Amino acid sequence: MKRKLLYASLLILLIPSFLRAQTGKFISVRGKDIIGPDNKPFLMKGTNLGNWLVPEGYMFKFKDVSSPRLINEAILELLGPEETTKFWKQYQDNYITTGDIHFLKASGMNSIRIPFNYRLFTAENYCGQNNANRGFELLDKVIGWCKKEKLYVILDMHCAPGGQTGDNIDDGNGYPFLFKSKAMRAQTAYIWKKIANHYKNETIILGYDLLNEPIATYFNADELNPYLEPTYKEITKAIRLVDKNHILILGGAQWDSNFKPFGLPFDKKLVYQFHKYWTQTTGKEIIQDYIDFRDKYNVPIYCGETGENKDEWCEAFRKTLDENNIGWHYWPYKKMDNTAGVITFDVPAGYDKVIEYTEQPRADFGAIRKAAPQDRELIKKALFRFIQNCKFENCRPNKGYMAALGFR
């Protein structure tokens, strides 16, 4: 009996230690630092997998056809429903593969940010499909590859129900309807809870970026900004019901630039995110507001997007971030016919006809018929060749851009 009691007592003492060891495998925060699984500060350095799960018109070299919905409409008009569904499935299955992930890790990156559209986790039609499990099918694969490579992942809700930005990047309807809609906020929280429950024990996931670039500068900030932090709290509450392990990343208002809507941190594992494009590159003053916020609340800050500029600009700003102990993910990883990104690929033959079509007036069916190409087969070949060209084995690195970021 005494031996049994002794064994039970030892087991009780060991359980907290075991739980602490398990928790320690997740990346966490301590004061102003993000803390790696080795209990040392972890400074994020990597890129964004833009244009994969959230297609953007400018990356297809389109002008006014800018959001996933508008891109899909144009391709539907060109190819019809059946071929459009095939196109998007092949696109999603080939734009990012195991070769891409291995390359990113081998180049010296330690983490990536993956933008996604909430529709991938609903039955809403998105890119020719209405599969509520499609998001997990795609993310499970890439997260598995990242785990093998020890490349950490941030999941970024780039497109939220109702739209959080009010521009093409949220694939909404031109206004950040999310914030004033109780139903849309509830749906956003529900989807994040669903994602968090699925990945709650996955240690290669660094954290969840709750809303990308909320409340664009086109709208009344005084009216909308007060909704931002309460919305984050609502989402956080839902996530914490199922997942207490992962970091939550909060982007500022006005394109992730404004931290003034934030008050006292309301969760123990928060990181505050800013984006910075086309500004002065050197001097602490360009990021001083974010550093002051970090010092005031003793929390980590992080630059989730920057880049798309000349190599000299990218290098200078990267050094400014490094000198101030701020992790970063440069935008983008892959883009057609581009030098301001990590890798690039060629424009397919005949693709000029695709671009030409998207620039025609198509406001009604008469205009759509008038704009229709004479040779639809040529258009089809060009679009499916886009998929072939974007495969990792057909891409090439931008060596100057990579060197600017300190990668091999």
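Q: What makes helix H6 and helix H8 a packed pair, and how are they placed?
A: In this predicted model, H6 (residues 182-199) and H8 (residues 228-240) pack at an angle of about 35 degrees with axes 8 Å apart. Axes are lines fitted to C-alpha atoms over the stretch in contact, and angles run from 0 to 180 degrees between N-to-C directions. Both helices are DSSP runs (H or I, at least four residues; strands are E, at least two), numbered from the N terminus.

Q: Which residues of H6 and H8 meet?
A: Contact means heavy atoms within 4.5 Å. On the H6 side, Trp192 and Arg185 are among them, and H8 brings residues including Ile235 and Glu234. The contact divides into seven nonpolar, two polar and three charged residues.

Q: Why is strand E9 called mostly covered?
A: Buried means under 20% relative accessible area, exposed over 50% and partly exposed in between (1.4 Å probe, protein chains only). Six of the six residues in E9 (301-306) are buried, so the label fits.

Q: How do you know that E9 pairs with strand E8 and strand E10?
A: Strands pair if DSSP finds at least two bridges between them. E8 (residues 270-276) and E9 have five, in the parallel sense, with Phe274 opposite Cys303. E9 and E10 (residues 327-330) have two, also parallel, so the cut-off is met. There, Tyr302 has Gly327 as bridge partner.

Q: Why is the β-α-β unit of E9, helix H11 and E10 called right-handed?
A: With the strands pointing away from the viewer, right-handed means that the path from the first strand over the helix to the second runs clockwise. E9, H11 (residues 311-323) and E10 make a right-handed unit, so their path runs clockwise.

Definitions and conventions: Residues numbered from 1 in each chain as written. Predicted model: local features only at pLDDT ≥ 70, side-chain atom pairs only at ≥ 80, totals over all residues. Heavy atoms only, no water. Nonpolar A, V, L, I, M, F, W, Y, C, P; charged D, E, K, R; others polar.
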